[in-house]
Amino acid sequence: VCQPHRNLGFFVDAYIDAMEIKAGDRISWLFAPGASASNMDIYGALFTGAQLCAFEVRDESFPAMADWIDDQRITLLHTVPTVARELAGAVQKDRIFDSVRTVDLAGEMLFATDVARIRPHFPDGCRVFNRLAATEASFISGLILTGAHEKAEGALPVGTPPSGVEVGIFRADGTEASRGGTGVIVIDNPHLCTGYFNRAGLNQAVFSGS
């Protein structure tokens, strides 16, 4: 997936605004360097003067990750729901990561039971995001979860897109789906990726301007 500097800058700025990143923050870096999710962490820190704190999830245990969060005084924890779920299950019920003020969950479907499980391990006032993202568009939509979401059932909504991003759901015949309907997510923004490297046929199938 090809991303020019201009496009990356747009989505990183949107991420910084949503997560309220500032100098002095300590951002977790849990993703592989080549993964799109890493761009939000790396450049979110670079653009603001925050500190980037790396941890290799594949090589360490979840209890070790819990100690790392406290030792590094992480303020923004960016991960996938599976990792957050396993982390909560690996620590004592009364353990609270008191340095964390924002938890950003993206990359997988998030369920109400996940939020109910992880929320007690973060301080009052800590914001928990459910965020929809893709390599082609790094920030599609996001939602700050509330107590009501913990009491819901099933998968949780992903909220609304950041400023400048338009999202619609369209049926196979090209018409927009009605509320509650199903279809394909269509994203409109001048800062989407420029295409797939050496995949002209796939570009034509995925991007309307190809």
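1. Phe47 is partly exposed, with a relative accessibility of 40% in this predicted model. Its aromatic partner is Tyr43, and the two rings form a tilted pair, with centres 6.0 Å from each other and planes at 55 degrees. Tyr43 is also partly exposed, since its relative accessible area of 28% falls in the range between buried (under 20%) and exposed (over 50%).

2. A further aromatic pair joins Phe97 and Phe122. The arrangement is again described as tilted, with a centre-to-centre distance of 5.7 Å and an angle of 45 degrees between the planes. This contact links distant parts of the chain, as the two residues are 25 positions apart. Phe97 belongs to the loop between α4 (81–89) and β4 (102–106), whereas Phe122 belongs to the loop between α5 and β5 (127–132).

3. Are Phe97 and Phe122 buried or exposed? Phe97 has a relative accessible area of 1% and is therefore buried. Phe122, at 6% relative accessibility, is buried as well, because the value is under the 20% limit. The count of aromatic pairs in the model comes to 5, the Tyr43–Phe47 pair and the Phe97–Phe122 pair being among them.

4. An aromatic ring also meets a charged side chain in this model. Arg131 is placed over the face of Phe139, and the distance to the ring centre is 5.2 Å.

5. Helix α1 covers residues 5–19 and has 15 residues. Its end C-alpha atoms are 21 Å apart, which agrees with the 21 Å expected at 1.5 Å a residue. Directly after α1 comes Glu20, which has a positive phi, near 55 degrees.

6. Which residues of α1 are buried? They are Asn7, Leu8, Gly9, Phe11, Val12, Ala14, Tyr15, Ile16, Ala18 and Met19. The elements that cover these buried positions include the helix α2 (36–46) and the strands β3 (76–79), β4 and β5.

7. Asp114 deserves a separate point. The residue is part of helix α5, which runs over residues 112–118. Its relative accessibility is 6%, so Asp114 counts as buried. Leaving aside residues up to four places away in sequence, Asp114 touches Pro81, Arg85 and Met109.

8. Phe197 lies in the loop between β8 (184–188) and α7 (200–206). With a relative accessible area of 63%, Phe197 is exposed, because this value is over 50%. The C-alpha atom of Phe197 is separated by 29 Å from that of Ser28, a residue 169 positions away along the chain.

9. For the chain as a whole, there are 7 helices and 8 strands. The radius of gyration is 18 Å, close to the 17 Å that the globule rule gives for 210 residues, so the chain is as compact as a globular protein of that length. Along its principal axes, the C-alpha trace spans about 50 × 35 × 30 Å.

10. Of the 210 residues in the chain, 42% are buried. The accessible surface comes to about 11100 Å², and carbon and sulfur atoms account for 53% of this area. As to contacts between residues at least 6 apart in sequence, 66% of them join residues at least 24 apart.

Terms used. Residues numbered from 1 in each chain as written. Predicted model: local features only at pLDDT ≥ 70, side-chain atom pairs only at ≥ 80, totals over all residues. Heavy atoms only, no water. Helix = DSSP H or I, 4+ residues; strand = E, 2+ residues; numbered from the N terminus. Buried < 20%, exposed > 50% of the residue type's maximum accessible area, 1.4 Å probe, protein only. Contact = heavy atoms within 4.5 Å. Phe/Tyr/Trp six-rings, centres within 6.5 Å; stacked < 30°, edge-to-face > 60°. Lys NZ or Arg CZ within 6 Å of the ring centre and 35° of its normal. Expected span 1.5 Å × (residues − 1). Rg over C-alpha atoms; globule rule 2.2 N^0.38 Å. Areas by Shrake-Rupley, 256 points an atom, 1.4 Å probe, with all protein chains shown as cover.
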